[in-house]
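Me: I've got this model open and I'd like a close look at one part of it, the largest cavity. Could you walk me through what surrounds that space, and then set it in the context of the rest of the chain?

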Amino acid sequence: MELQMIKVAQAVHVLNHDTQSCNRFAANQWLVQFQQSDAAWDIATSILTSSDHHHPFLLSDYEVEFFAAQILKRKIQNEGYNLHLGAKDALLNALLLAAQRFSSGHPQLLTQICLAISTLVLHAVEHVKPIEKLFYSLQSLRFQNNGNTAVLEMLTVLPEIIEDQNSDCHITSARRYDYGQELLAHTPMVLEFLMQQIDEGFESHIQHHDRSRKILRCLLSWVRAGCFSEIPPGSLPSHPLFNFVFSSLQVASSFDLAVEALVELVSRHEGLSQVLLCRIGLLKEALLFPALKSGDEKVIGGLACLLSEIGQAIPFLIMEANPDALALADGLLSCIRFPSEDWEIADSTLQFWCSLAGYILGLEVDDAENRKNLEECFVPIFSALVDALLLRVKVDDSTYNDNGCILDLPNGLEQFRMNLVELLVDTCQLLGSALFIQKIFLGSWMSSSMHIAWKDVEAKLFMLNAVAEVVLKEGHHFDITIIMQLVMILSSKASADLRGFTCIVYKSLADVIGSYAKWMSAPQTNTRPLILFFGTGIRQPFCSSACAVAFRKFCEEAAEILHELSNLEILIWMGEGLEERKLPLEDEDEVVGAITLIFCSIPDKKLMYNLFVRFLSPSYETIEKLIEEDNVHALRQNPSTYIESISSAGRELHRIGTVFSYLTTHLSPALGPDESILELLDVFWPMLEKLFLSKHIESASLSTAACRALALAIQASGQKFGILLPKVLDSMSSNFISFQSHECYIRTASVIVEEFGSKEEYGPLFIRTFERFTSSTSVMALTSSYICDQEPDLVEAYTNFASAYVRSCPKEVLAASGSLFQVSLQKAGICCTALHRGAALSAMSYMICFFEVGVAFLVEPEASTPGRSIQDMVIRVISLSSEGIISNLVYALLGVSAMSRVHKAATILQQLGAVCSLSERREWKTVVCWEILHRWLYSAVIADAAC
């Protein structure tokens, strides 16, 4: 045994101290194997309990002893339920002996031993009351040398282990609850023990501050377990342990634990909040004011949390605005004002202010006198809060060094501002937008043209933007000339000067202009300066997104004002510069959309068309340049240039598509949109047709961009696109056959079917397209769930196309598509078993769509379906496909993602049941009926059970 113990000690020493990584790796591997062995139980126990070792490696080696305690804890967690009762009792006695032995040693070692004991007790299911048995053993341990220290640590970790749902997966929640109730039955004894430790002290080797911390840790653990729930609320404030916790606040070494314990008590016992509210004056005088004077962030932060928790627990008492409540509010204001290097202290108070503001706003005060009293009490408080928040949201010189390179706000400030928005909105509602705006604009924003306190300006812009919704709703206008002055100053700066903190101010100013676009657009004199401001900001990467969004909002409000030719020229200039700026696509969409909606609102159709031609000409030129045959070979000789050309063409196609998407929603029908769109299509389709025939279209990104633009053009032009339909559909199916990894062609075909499917004259065209997609190599290869998981985008695109085909096409077309439905439903059945959730659900949606439409046809009177061909097709397809569909559905419901598919599977089975019910009274009974459905279900269950 001792030889094995020596080996363990040597391996631990090598693992922790050897300089050779290969030796450390070997030692780690050996220790892992050792931990998994049965011998580890006895060897680890011996290391912790035997004191008569003679080898140097075993003489009070903390690292070896700590490792032994960890091994036992892990083995108990993983294998403890396999130990027989005698082994568990022997191990418990050994661990209690080890706890007593090491009670005066390293605290971490004692904690590990107590964790092992607690875990072992939870596995002692053979004992009716294992917690009671442990407490009996702890009573004996108390009278051993240094026993109280071990008992205190044991009482600290035991509730934590019982409450921790992740500590041991072998213990159910119900059993943990039972253990918790059994634990709380010993509350009187534990509280008495803690009070004895406070009154008498314990082992002399523990210093006073360590003793207090250990008692507080233990008490905190039991408070979280609910130990005070049985104590009458009236007696709790006078309880010796409560007074001990409160007095520990004034001891620096125990302050943090005392705050944590009081916060926990306040959250669980409302009465304590009222008691502590009466002691706010003492806390401020004895702790808060000295800490604010000395800059003790630990004390300030702890008191901020405690005061905030007290206030949240008793908002109805805070509403009385008595001296103690006002003192609490003043204390929290002082905490917010404190200029710490981070924002955690101020952030910890926000929940209190939000709950108080929400409580006041939620009161139904009908009495004018009561309302006036409320306003007199709390308007000054929340007014002071706005002043304090203005200080804390400002970028501090100590946390932000404007060297011209750093463009991001400190992470703490960014998070604080996000958390603050809700409070600012509530405060604005409470004070009224007039007073709130007055606070924001109080004082000069610009002391002179030479010196501007940009950090103050940026903070005010943030707060102004945060409350925009309330201000606009209440309609209290503010002087926008200040905003326009800032616009003029920033717009006049050279590009080289727009760096560092100036960019942050630019972005905040753009946010404000976007939020108040309705008011900013009212004076026509603002129009051109604002457009130039947006155009300059869009060029700056940090400001581009905010400026793009603000530009779009401004254009929505100022469409008619922007019809002047000079303004339209500026818009063209902004559009022409997009390719050079390489904005993120979402930002470019904002800019392109804004320009498009302005053009759409122009009454002069000829002018509108000319503007669109000029706006889109750079895009057409870029694409034409790519597809010129003379350039193909030269471009491919230089891969980097070729990739850049493909990327540029893709961006231009995306831009064209965005224009068409805005045409769909913003072009007024009164202006005759069809003619204008058709004129654009006359240029767009020939270019796109050449692109689809070029070698470049093998690029997936280029194909996707081209298909997106085409789909949006179709939706914008509507039925007028019909003259191009044969060419377009042929191009979609042909290109998919050539590049079957590009499912974007199927998606675009779906858009076409949805738009034109109801037209009977296009029926043969749609059938031929469906045939080409279905017979393609990639679709026919969907023969297993594994393959479907490899091609989820293809599955979604194909099944969505099939769904659109079923929903949109007339019954004559559907009746002629029976063979296609049979194959596509077979593929959908296979795809519904895929692990990929999106692919499986798309396939099931297609099946639901087919059965829904099919049932609708089956319930129609015979006379309404000439030749009954559509009904015959539905019955034939269902009879041939349903057995496979049911088999796959059952298989899918047995998979790992079954819950997401239960509803759709149930719907499909209900629809099949409806078909059987309809067939019972018709001649179709021989091919589809309840008996056949039962047979299919039985076969599916038996087949899957056999697997």
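Reply: Sure. Start with the residues that line the largest cavity: Leu85, Lys88, Asp89, Leu92, Leu120, Val121, Ala124, His127, Pro130, Lys133 and Leu134. Three helices each give two or more residues to that lining, namely H5 (85–101), H6 (107–122) and H7 (130–142). The biggest share comes from H5, which puts in four residues. Keep in mind that you're looking at a predicted model.

As for the chemistry, sorting the cavity lining by class gives seven nonpolar residues, one polar and three charged. The space they enclose comes to about 70 Å³. With a cut-off of 30 Å³ or more, the count is four cavities.

The largest pocket makes a handy comparison, so click over to that next. Its space is about 310 Å³. There are 16 lining residues here, and Leu409, Glu414, Arg417, Phe462 and Lys507 are the ones nearest the pocket's centre. Helices again supply the walls: H21 (411–431), H23 (454–466) and H26 (501–515) each bring at least two residues to the pocket lining. By class, that lining splits into eight nonpolar, two polar and six charged residues.

Now zoom out to the whole chain. The protein chain has 49 helices and zero strands, and its C-alpha trace spans about 100 × 85 × 70 Å along the principal axes. Its radius of gyration is 38 Å, while a compact globule of 947 residues would come in near 30 Å. Even so, 54% of the 947 residues count as buried. Among contacts with a separation of 6 or more, 76% join residues that sit 24 or more positions apart. On the outside, the chain exposes about 41500 Å², with carbon and sulfur atoms supplying 53% of that area.

One last stop, if you want a single residue to click on, is leucine 678, which lies in helix H36 (residues 673–693). Leucine 678 is classed as partly exposed because its relative accessible area is 24%, and buried would mean under 20%. You can also pick out tyrosine 620, which is 58 residues away from leucine 678 along the chain, with 16 Å between the two C-alpha atoms.

Terms used
Residues are numbered from 1 along each chain as its sequence is written. This is a predicted model: local features need pLDDT of at least 70, side-chain atom pairs count only at pLDDT 80 or more; totals for chains, interfaces and linings use all residues. Side-chain values use heavy atoms; hydrogens and water are left out. On a 1 Å grid over the protein atoms alone, a cavity is a set of points where a 1.4 Å probe fits but cannot get out, and a pocket is an open set with protein on both sides within 12 Å along at least five of seven lines; lining residues have an atom within 4 Å of a point. Grid points are joined across faces, edges and corners, and a volume is the space filled by probe spheres set on the points. Ala, Val, Leu, Ile, Met, Phe, Trp, Tyr, Cys and Pro count as nonpolar, Asp, Glu, Lys and Arg as charged, and the others, Gly among them, as polar. Buried means under 20% relative accessible area, exposed over 50%, partly exposed in between (1.4 Å probe, protein chains only). The radius of gyration is taken over C-alpha atoms; the globule rule is 2.2 Å times the number of residues to the power 0.38. Contact means heavy atoms within 4.5 Å. Accessible areas come from the Shrake-Rupley method with a 1.4 Å probe; for residues, only the protein chains shown count as cover.
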